[in-house]
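Thanks for coming. I will go through one structure today, starting with a helix, then the pockets, then the cysteines.

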Amino acid sequence: MAATLTRGGCWPSGEQTDPTNVVIWSGEDDPEDTLAGRLIASGADMSRVFFVQRVLTRGERCAFDPATDMDLLLTRIQRVGNVGMAMIDPLVSAVAGDSHKNGEVRRALQPLVDLAQLTKTAVVGISHFAKSSNGRDPVERVVGSLAFGALARIVMAA
């Protein structure tokens, strides 16, 4: 998806997209040695990919925390401009409370919903399936609360 957006490619539906920028935060994979290689292999225009890593909080450089730094992500997206997608990996990191409680997850993800609406940016949250969940409905297989799958407009699985 990031490669298609950054190069202005064609979706499987045949619809063409204009090139846009992509903002990515990953708490699991290193941008330089893992993510960049995958993006390059997919044909992404790396001049349009912006990784979120460290933020300045109270004069100190700290790791970006999607549970508390959503206002900083909004500022970054606005500064970059023409952002078609913001990716959060893993999405569960956006929840400061109990990721198995529906109400807490919905409250925690609301800033991402607001960010998407404010910036007209697609927000993609990466999650994983729970172990030993074969045969169950895919939404029930997502790790944590059902709200992760229920709140989303589209859930894709691979």
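Before the helix, one cut-off: a residue is called buried when its relative accessible area is under 20%, and exposed when that value is over 50%. Keep in mind that this is a predicted model.

Start with α3, which runs over residues 70–80. Which residues of α3 are buried? They are M70, L73, L74, I77 and V80. If you look down the axis of α3, these buried residues fall within an arc of 135°, so they line one face of the helix. Q78 and R79 sit on the other side of α3, and they are exposed. As for what covers the buried residues, the list includes the strands β1, β2 and β5, and also α4. Directly after the end of α3 comes G81, with a positive phi of about 75°.

Now the pockets. The largest pocket has a volume of about 1,600 Å³. It is lined by 41 residues, and those closest to its centre are V123, V124, G125, I126 and I154. Several elements give two or more residues to this lining, among them α1 (2–7), β1 (21–26), α2 (31–41) and β6 (122–125). Which element gives the largest share? That is α4, with five residues. Sorted by class, the lining of the largest pocket has 27 nonpolar residues, nine polar and five charged.

The second largest pocket holds about 230 Å³ of space. Of its 13 lining residues, R54, V55, L72, R76 and R79 are the closest to the centre. Two elements give two or more residues to this lining: β3 (54–57) and α3. The largest share comes from α3, with five residues. So we are back at the helix from the start, and R79 appears twice: as an exposed residue of α3 and as one of the residues closest to the centre of the second largest pocket. By class, the lining of this pocket divides into seven nonpolar, two polar and four charged residues.

Last, the cysteines. A disulfide is a covalent bond between the sulfur atoms of two cysteines. How many disulfides does a search of the whole structure find? Zero. How accessible are C10 and C62? C10 has a relative accessibility of 42%, so it counts as partly exposed. C62 is partly exposed as well, with a relative accessible area of 26%.

That is the end of the talk.

Definitions and conventions. Residues numbered from 1 in each chain as written. Predicted model: local features only at pLDDT ≥ 70, side-chain atom pairs only at ≥ 80, totals over all residues. Heavy atoms only, no water. 1 Å grid on protein atoms, 1.4 Å probe; cavity = no way out; pocket = protein on both sides within 12 Å on 5 of 7 lines; lining within 4 Å. Points joined across faces, edges and corners; volume = space filled by probe spheres on them. Helix = DSSP H or I, 4+ residues; strand = E, 2+ residues; numbered from the N terminus. Nonpolar A, V, L, I, M, F, W, Y, C, P; charged D, E, K, R; others polar. Buried < 20%, exposed > 50% of the residue type's maximum accessible area, 1.4 Å probe, protein only. Arc of directions from axis to C-beta. Contact = heavy atoms within 4.5 Å. Disulfide = S-S within 2.5 Å.
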